[in-house]
Structures are given as structure tokens and as C-alpha cells.
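Visitor: Could you walk me through this one? I'd like to start with the cysteines and then wander a bit.

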Amino acid sequence: MTLKVKKILISQPAPTTEKSPYFDIAEKYHVQMDFRPFIRVDGIDVKEFRQQRINIQDYTAVVFTARIAIDHFFSLCEELRVTMPETMKYFCISEAVALYLQKYIVYRKRKIFFSATGKMDGLATALTKHNKEKFIVPVSDVHTEDLTAVLDEKKVDYTKSVMYRTVSNEITESEILSYDMLIFFTPAGIVSLFKNVPNFEQGERAIGCFGTATAKAVRDAGLRLDCEAPLPGMPSMTAALEAFIKENHKAK
């Protein structure tokens, strides 16, 4: 018999708007939803950055794979009193990431390239065209090599620089075990779960996740994945969650 899900922990910050589908689901199915990120991202300080012996002013192009990379890059520039020259070229993993640059630079006057696919390989043509540039790539302390595979392939001159790190948030074991369902969005969230509850046993507790890398982390940890997105017909975590709760509440 499956436990009827009444209390769900979403390992993400709470939605900033009251119009979130999560709140609609909570109201419709009378479930309690709490938002508690299992991880947070901290920027590194100037002293730690200097240990990498990297001078940002030596570079003529920068590759951004996430908005958070943009925030930490410009935050370090500000602390180091480095001003981006107008000639700097920006290569972004998606249009959304490219548009986020407007927070820091005059967008229309700059050389900005973005991948239409949302993946690094979508930048291949632009990288080939500008392969004489000297690239800096802001990364997290934990990142995959897929990130730089395209740069290697295009034989561009690049340097990876750790500018931020993923840190586990402390959530007590009794808090975690008080939930009937846990939902994760990154592999780091699964690492944090076992850091907070080293002997975690799933039992009848449901686990949901978003993204293929997170799904792999759930299964690699020997856990049962009960609710997954994106899947055909389930483009979002909320769509998958609603379908799961609907079934769960039907089951006797």
C-alpha cells in the first residue's frame, strides 16, 4: 500500500509570485508544500580568486553557461575594480542567459553570441569564427567536462576559473523524515540529502525530480524515482507532480 502524500518538501526557493502552479496544486489536493533549498551557491572571495593567478583583463571573451555565472563574474570584477572593455565578446549558452547580461552591460552595443539550442554545441559556429580570442570560462567548483568539450574541439584558447561553489544547506534529519515526498532539481541536492541523513532509507516516501542528470543521481543512490520530469506530456515538474498526486490520492 502506498502512503497517501500529504506533506511535500520542494528543494527550491519559494516562488516569488502567488500565481505559482505549486500553490494551485497544494490548494486543489489539500497538501502541504514547503520550499527548502538543499543547496545554495556561494561566490568565492577575491583572496581565493587571486590564488588562481588569473587576470581577468588578459581575456578578450567570456563564456557564460548560467545567469549565476554572470552574477559572480561581475561581482568579482567589481571587487577587483575591473571594468569590462567595450571590445569584450560574450558567448552565452542560451538567449535567456544572454539577455540577463543587460543587468550589467549596455546590451545592444556589445558583441554577444548565444546558442539557439541551449547547449554548448550551439556556439560552435561562433567559436570557430572567433577562435583567435582568449576566453575565460567562469565555473562552479563542481562542473561537468561537457562544458568545455566544444572549446577543446574548436581548439580555442580558454581558461576555466572557479568563481562560485555549491554548498549543502543543513536541514535536520527529523525535518527531512517528516515529509511524505521529496522533490529534487540537481544531483547536488541528492548529495546534500545523504549529508544531512547519512542512513537515509526511502521506504514508502515518494521521490520526484527534474532533469536527466538528477534522475540518474537518484537511481545511482539506490533510490526509487516515483515522479519524473521532463517526460513526454510532462514538460514541467508541476505537471508531473500534479499527475502523481492525482494518482496517489485515488489509490486506496
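Guide: Let me start with Cys209, which is buried, with a relative accessible area of 0%. Please keep in mind throughout that this is a predicted model.

Visitor: Okay, and which cysteine sulfur is closest to the one in Cys209?

Guide: The closest cysteine sulfur belongs to Cys227, and because the two sulfurs are 8.2 Å apart, they are too far from each other for a bond.

Visitor: How many disulfides turn up in the whole structure?

Guide: A search of the whole structure finds 0 disulfides. Cys92 fits that result, because its sulfur lies 14 Å from the closest cysteine sulfur, that of Cys77, which is too far for a bond. Cys92 is also buried, with a relative accessible area of 0%.

Visitor: Back to Cys209 for a second. What is its bridge partner in β11?

Guide: Its partner there is Glu228, and the two strands concerned, β10 and β11 (residues 227–229), pair in the parallel sense over 3 bridges. Between them the chain adds helix α9 (residues 212–220), and β10, α9 and β11 make a right-handed β-α-β unit.

Visitor: And which strand does β10 join through 4 bridges?

Guide: That is strand β9 (residues 181–184), which runs parallel to β10 and is joined to it by 4 bridges; within this pairing, Leu182 has Ile207 of β10 as its bridge partner. Here too there is a right-handed β-α-β unit, made by β9, helix α8 (residues 187–196) and β10.

Visitor: How many residues of β10 are buried?

Guide: Strand β10, which spans residues 206–210, is mostly covered, with 4 of its 5 residues buried.

Visitor: Switching topic, how is the chain divided into domains?

Guide: The division gives domain 1, made of 7–38 + 169–250, and domain 2, made of 42–166. The C-alpha centres of these two domains lie 32 Å apart.

Visitor: Let's look at β5 then. Which of its residues are buried, and on which sides?

Guide: Both faces of β5 are covered, since Lys89 and Phe91 on one side are buried, as are Tyr90 and Cys92 on the other.

Visitor: What does β5 pair with?

Guide: Strand β4 (residues 61–64) runs parallel to β5 and is joined to it by 4 bridges, while β6 also runs parallel to β5, again with 4 bridges. Phe91 takes part in both pairings, standing opposite Val63 on the β4 side and having Phe113 as its bridge partner in β6.

Visitor: Which helices go with those pairings?

Guide: For the first pairing the helix is α3, and β4, α3 and β5 make a right-handed β-α-β unit. For the second it is α4, and β5, α4 and β6 make a right-handed β-α-β unit as well.

Visitor: You listed a lysine in β5. What does the side chain of Lys89 meet in a salt bridge?

Guide: The side chain of Lys89 meets that of Glu133, with a distance of 3.0 Å from N to O. Lys89 lies in strand β5 (residues 89–92) and Glu133 in the loop between α5 (124–129) and β7 (134–140), so the pair ties together parts of the chain that are 44 residues apart in sequence.

Visitor: Is Glu133 buried or exposed?

Guide: Glu133 is buried, and Lys89 is buried too.

Visitor: How many salt bridges does the structure hold?

Guide: It holds 10 salt bridges. One of them joins the side chains of Asp71 and Lys103, at 3.5 Å from N to O. Asp71 lies in helix α3 (residues 67–79), whereas Lys103 lies in the loop between α4 (95–100) and β6 (111–114), so this pair ties together parts that are 32 residues apart in sequence. Asp71 counts as partly exposed, at 21% relative accessibility, and Lys103 counts as exposed, at 54%.

Visitor: And what about Glu48, which residue does its side chain meet?

Guide: The side chain of Glu48 meets that of Arg165 in a salt bridge of 2.3 Å, N to O. This pair links distant parts of the chain, with Glu48 in helix α2 (residues 46–50) and Arg165 in strand β8 (residues 157–168), 117 residues apart.

Visitor: How exposed are those two?

Guide: Glu48 is partly exposed, with a relative accessible area of 28%, and Arg165 is partly exposed, with a relative accessible area of 27%.

Notes: Residues are numbered from 1 along each chain as its sequence is written. This is a predicted model: local features need pLDDT of at least 70, side-chain atom pairs count only at pLDDT 80 or more; totals for chains, interfaces and linings use all residues. Side-chain values use heavy atoms; hydrogens and water are left out. A salt bridge is a side-chain nitrogen of Lys or Arg within 4 Å of a carboxyl oxygen of Asp or Glu. Buried means under 20% relative accessible area, exposed over 50%, partly exposed in between (1.4 Å probe, protein chains only). Two strands pair if DSSP finds at least two bridges between them. A crossover is right-handed if, with the strands pointing away from the viewer, the path from the first strand over the helix to the second runs clockwise. A disulfide is a pair of cysteine sulfur atoms within 2.5 Å. Domain bounds come from an automatic or database domain assignment.
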